[in-house]
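Open the model in your viewer and keep the selection box handy. We'll begin with the whole chain and then click our way to a few spots.

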Amino acid sequence: MDSVEYFEVECPEAAGKEYYRKIADIVLLDHNLIRVIRKLHIFIDPRVPLFIAVGVTKKLPGPVKVRDFADVNIQDRQVTITIGDEAYLAALLHLLWEKFGKERVDQPDRFTILLDLAPEEQAGLEDLVVMDPSVTLYKDLIYALQVIQPEGFKVRRQYYAGGKFYLVASEDTLPEDIEDLVRRKFALMGEQL
């Protein structure tokens, strides 16, 4: 995890600390999350039992809009979307099908989408958000942290906003002061929640 600015595992048992450090390293690498995490602090105490993972992500790219990868040309009711980057084609088609129905979306070739839309439906097509990297990143991060946490820790609380995230988990109910514990772990990284 050389590309992560801060990475620390805190555990009362030295063997547990090393074990969870290896697990976190492998899981985050397998899920391709090393490149987006800037700081990560994991606390595990099997005696309580309690697992806390807090972190900060690197700056993410903004939401991807139609205008970012396609041209939109409108002539009367005919809208032609010319795709410049196929990476977002599937997400765009799904979005258009939901918004206008499959019967009104035609794809004559890989790079062209035709729509028959009333003038009031044509407004804002170029600004449609096709993908928001922060949404998928949040899901991926929480999934990876759940893989890292000990088996049987089914009581969880999670958070992601403004590039900061945490997951707390336990076999039992979470301590009442869990928010304070999370804030202290962020402070260890020089961050505030």
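Start with contacts across the whole chain, where contact means heavy atoms within 4.5 Å. Among those between residues at least 6 apart in sequence, 58% join residues at least 24 apart. Bear in mind that this is a predicted model: local features need pLDDT of at least 70, side-chain atom pairs count only at pLDDT 80 or more, and totals for chains, interfaces and linings use all residues. Residues are numbered from 1 along each chain as its sequence is written, and side-chain values use heavy atoms, with hydrogens and water left out.

Now switch to cartoon view. You should find five helices and eleven strands; these are DSSP runs numbered from the N terminus, helices being H or I with at least four residues and strands E with at least two. The radius of gyration, taken over C-alpha atoms, is 22 Å, well over the 16 Å that the globule rule gives for 193 residues, so the chain is more spread out than a compact globule. (That rule is 2.2 Å times the number of residues to the power 0.38.) Show just the C-alpha trace and you'll see a span of about 70 × 35 × 30 Å along the principal axes.

Next, select residues 70-83 to pick up β5 (residues 70-75) and β6 (residues 78-83). These two strands pair in the antiparallel sense over six bridges; two strands pair if DSSP finds at least two bridges between them. Click Asp71 and look across to β6, where its bridge partner is Thr82. Then move to the hairpin's turn, with two residues between the strands: Asp76 takes a positive phi near 55 degrees there.

Now jump to Thr57, in strand β3 (residues 50-57). Is Thr57 buried or exposed? Its relative accessibility is 7%, so Thr57 counts as buried (buried means under 20% relative accessible area, exposed over 50%, partly exposed in between, with a 1.4 Å probe and protein chains only). Leaving aside neighbours within four places in sequence, show what Thr57 contacts: among them are Val36, Leu137, Tyr160 and Phe165.

For the last stop, select Glu10 in strand β1 (residues 6-10). Glu10 is partly exposed, at 27% relative accessible area. Not counting residues up to four places away in sequence, Glu10 touches His41, Ile42, Phe43, Ile44, Lys185 and Leu188. Finally, draw a distance from Glu10 to Phe153, 143 residues apart along the chain: their C-alpha atoms are separated by 17 Å.
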